[in-house]
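Biologist: Before we talk about this model, I would like each term to be set against its criterion, so that I can follow the reasoning from value to conclusion. Could you begin with the criterion for a salt bridge?

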Amino acid sequence: MDAATRSERYHVVCRECQLERLCDTPDEADGIGRDHIDETGHRVAVERVE
């Protein structure tokens with residue numbers, strides 16, 4: 001794994017409530033976002049951050 005891959009994180013933020021998480025993998029971030037949407041119907045944003 002190169003240095004750029006190790007430093008990537010994924011930010012999950014709900015636009016309608018207090019949910020905010022940092023994740024190490026895109027799959028983890030997508031899963032949290034999907035679960036939150038399924039449970040609440042809220043709008044969620046997932047972004048890659050370095």
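Modeller: A salt bridge is a side-chain nitrogen of Lys or Arg within 4 Å of a carboxyl oxygen of Asp or Glu. Please keep in mind that this is a predicted model.

Biologist: Why is the contact between Asp24 and Arg9 called a salt bridge?

Modeller: The closest N and O atoms of Asp24 and Arg9 are 3.0 Å apart, and because the criterion asks for a distance within 4 Å, the pair qualifies. Asp24 sits in the loop between strand 2 and helix 2, while Arg9 belongs to strand 1, so the pair links distant parts of the chain, 15 residues apart.

Biologist: What makes Arg9 partly exposed?

Modeller: Its relative accessibility is 33%, and since buried means under 20% and exposed over 50%, with partly exposed in between, Arg9 falls into the middle class.

Biologist: How do you know that Arg48 and Glu8 form a salt bridge, and which parts does the pair tie together?

Modeller: Their side chains meet at 3.0 Å, N to O, which again satisfies the limit of 4 Å. Arg48 lies in strand 3 and Glu8 in the loop between helix 1 (3-7) and strand 1, so the pair ties together parts that are 40 residues apart in sequence. Glu8 and Arg48 are also linked with Glu50 in a network of salt bridges, and Arg48, at 47% relative accessibility, counts as partly exposed.

Biologist: How many salt bridges does the structure hold, and what makes the pair of Glu16 and Arg43 one of them?

Modeller: There are four salt bridges, and the closest N and O atoms of Glu16 and Arg43 are 3.2 Å apart, which is within 4 Å. This pair links the loop between strand 1 and strand 2, where Glu16 is found, with the loop between helix 2 and strand 3, where Arg43 is found, 27 residues apart.

Biologist: How do you know that strand 1 and strand 2 pair?

Modeller: Pairing requires at least two bridges, and strand 1 (residues 9-14) and strand 2 have four in the antiparallel sense, so the requirement is met. Val12 stands opposite Arg21 in strand 2.

Biologist: What makes strand 2 and strand 3 edge strands, and what is the order of the sheet?

Modeller: The open sheet of three strands has the order 2-1-3, with antiparallel pairing, and strand 2 (20-23) and strand 3 (44-49) each pair on one side only.

Terms used:
Residues are numbered from 1 along each chain as its sequence is written. This is a predicted model: local features need pLDDT of at least 70, side-chain atom pairs count only at pLDDT 80 or more; totals for chains, interfaces and linings use all residues. Side-chain values use heavy atoms; hydrogens and water are left out. Helices (H or I, at least four residues) and strands (E, at least two) are DSSP runs, numbered from the N terminus. Buried means under 20% relative accessible area, exposed over 50%, partly exposed in between (1.4 Å probe, protein chains only).
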